[in-house]
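I'm opening a fresh page for a protein I haven't looked at before. Here it is.

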Amino acid sequence: MPRANRPSTAGDMLRLIREDGVATRAELGRITGLSRPAVASRVAGLIARGLVTERADGPSTGGRPPARLEFNAAGGTVLVANLGQSRGQIAVCDLAGAILARAEGPLAGASPAETLPRLLDRWAALLDSAGIDPGTVRGAGLGVPDAVEHTPGRWDGVAVGPPVLARFGVPAYLDNEVNAAALGEHRAHPGVDDLLFVKVSTGIGAGVIAGGEIQRGALGAAGEIGHVPIPDGGGLPCRCGNLDCVEAVAGGSALLARSPAADLPALAALARSGDAPTVALLRAAGRRIGEVVATAVNLLNPAVVVLGGDLAGADAPLIAGLREVVYQRSTALATRSLRIEASRLGESAGLTGCAAMVLARALAPETIDA
């Protein structure tokens with residue numbers, strides 16, 4: 001490998017320690033080709049910034065054992081928020097994405113401009129209640145219930161970064177809440193590079209992981225499967241302005257209109273209790289959603305389809321209906337090893353994904369070197 005292409009900066013070394021498990025200065029020297037003093041200087045900088053720790057219990061080849069280097073997940077925190085259409089969660093996570101403190105409840109205001117100040121106050125209160133120093137915060141991540149102009153980081157035209165920077169002094173990153181949950185589920189499925197996450201809640205949306213990366217599309221609008229029309233939808237109007245979208249036929253709002261349940265958790269509880277009309281309603285909804293997911297499976301060939309949201313428990317009739325149609329209508333090759341399963345993280349998926357979104361940038365070599 002040409003010397004110019006070798007990892008050589010402190011940020012590169014952090015990535016080797018954090019992601020590849022490189023544990024000694026000698027290993028870093030072999031990989032980078034740098035001298036011992038150069039490696040020592042870069043490692044010392046990472047230790048001084050609290051990103052790496054060392055302990056003297058590495059394997060010895062004679063004499064004093066080498067110090068073992070480890071990524072220090074406690075060397076900082078990130079603020080995350082998962083804002084759904086009806087409720088949300090916020091959390092403080094460490095640098096490995098583990099949740100240190102969490103709160104739930106209604107967060108959304110009438111507009112992003114109204115929601116953001118509330119969110120900043122809630123984050124500050126959560127840090128205070130958990131006894132976490134705001135000076136440890138290295139970034140913030142939000143999942144929001146709308147399509148996001150990803151590159152400028154705007155939520156419904158409102159720039160998220162400036163108010164977060166003014167309050168906490170850190171950059172903020174933004175994505176659609178379903179993409180955030182897809183990132184979280186991707187972390188919960190090690191070794192899976194192609195995953196389709198489908199959330200069935202008030203609305204229906206999807207997050208696409210292909211080749212190990214989230215796919216947002218040219219303008220951040222990828223994954224809007226809820227607005228794919230299905231045949232024989234009955235002419236139902238959708239909030240997008242079209243007719244017979246799968247969300248208008250089988251989304252949470254549409255199902256509640258045909259159920260005595262007051263909200264989606266109550267609808268899911270009726271299904272778990274074995275209420276026959278509710279079980280039939282959700283299984284039929286799963287079949288209609290499966291019509292769209294089957295096309296997505298043929299197009300994307302994921303290894304796993306993950307169902308999330310209030311109605312997607314492991315034994316939920318909605319998943320059973322979806323499986324029935326996907327395995328029937330997708331190609332034999334696309335379904336040969338396909339798994340269709342409930343979310344492994346539940347409501348934590350969005351928070352975990354937001355943390356992953358922040359950490360991918362906050363701990364990137366170029367950020368560390370800057």
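My entries below go from the whole chain to pockets, a cavity, rings and a few single residues.

**Ground rules.** I'm working with a predicted model, where local features need pLDDT of at least 70, side-chain atom pairs count only at pLDDT 80 or more, and totals for chains, interfaces and linings use all residues. Residues are numbered from 1 along each chain as its sequence is written, and side-chain values use heavy atoms, with hydrogens and water left out.

**Overall build.** I looked up the secondary structure first and got 14 helices and 14 strands. Helices (H or I, at least four residues) and strands (E, at least two) are DSSP runs, numbered from the N terminus. Next I checked the spread: along the principal axes, the C-alpha atoms fill a box of roughly 75 × 50 × 40 Å. The radius of gyration is 23 Å, which agrees with the value near 21 Å for a compact globule of 370 residues. That radius is taken over C-alpha atoms, and the globule rule is 2.2 Å times the number of residues to the power 0.38. I also noted that 50% of the 370 residues count as buried. Buried means under 20% relative accessible area, exposed over 50%, and partly exposed in between (1.4 Å probe, protein chains only).

**Largest pocket.** How many residues line the largest pocket? I found 50, with Lys 199, Ser 201, Gly 308, Gly 309 and Asp 310 nearest its centre. Elements giving two or more residues to this lining include strand S4 (88–94), helix H6 (177–187) and helix H13 (348–362). The volume is about 920 Å³. For the terms: on a 1 Å grid over the protein atoms alone, a pocket is an open set of points with protein on both sides within 12 Å along at least five of seven lines, while a cavity is a set where a 1.4 Å probe fits but cannot get out; lining residues have an atom within 4 Å of a point. Grid points are joined across faces, edges and corners, and a volume is the space filled by probe spheres set on the points. By class I get 19 nonpolar, 20 polar and eleven charged residues in the lining. Here Ala, Val, Leu, Ile, Met, Phe, Trp, Tyr, Cys and Pro count as nonpolar, Asp, Glu, Lys and Arg as charged, and the others, Gly among them, as polar.

**Second largest pocket.** This one comes to about 590 Å³. Its lining has 18 residues, and Leu 183, Gly 212, Glu 213, Ala 356 and Ala 360 are the closest to its centre. H13 gives the largest share, five residues. I sorted the lining into nine nonpolar, two polar and seven charged.

**Cavity.** My search of the whole structure turned up one cavity of 30 Å³ or more. The largest cavity has a volume of about 40 Å³. Which strand gives the largest share of its lining? S11 does, with three residues. The lining has seven nonpolar residues, no polar ones and one charged. Among the residues there I noted Asp 194, Leu 300 and Pro 302.

**Rings.** I found one aromatic pair in the structure. Trp 123 and Phe 168 sit edge-to-face, 6.3 Å centre to centre with 75° between the planes. Trp 123 lies in helix H4 (residues 112–130) and Phe 168 in helix H5 (residues 161–168), so the pair ties together parts 45 residues apart in sequence. For the label, rings of Phe, Tyr and Trp (its six-membered ring) pair if their centres lie within 6.5 Å; planes under 30 degrees apart count as stacked, over 60 as edge-to-face and the rest as tilted. Trp 123 is buried at 0% relative accessible area, and Phe 168 is buried at 13%.

I also looked for charges over rings: Arg 18 lies over the face of Phe 71, 5.7 Å from the ring centre. That needs NZ of Lys or CZ of Arg within 6 Å of the ring centre and within 35 degrees of the ring normal.

**Single residues.** Is Arg 30 buried or exposed? Arg 30 is exposed, at 60% relative accessible area, and its place is in helix H2 (residues 25–32). Asp 244 isn't a glycine, yet it has a positive phi of about 65°. Asp 244 counts as buried, at 16% relative accessibility. Asn 301 also has a positive phi, near 50°, and is partly exposed at 44%.
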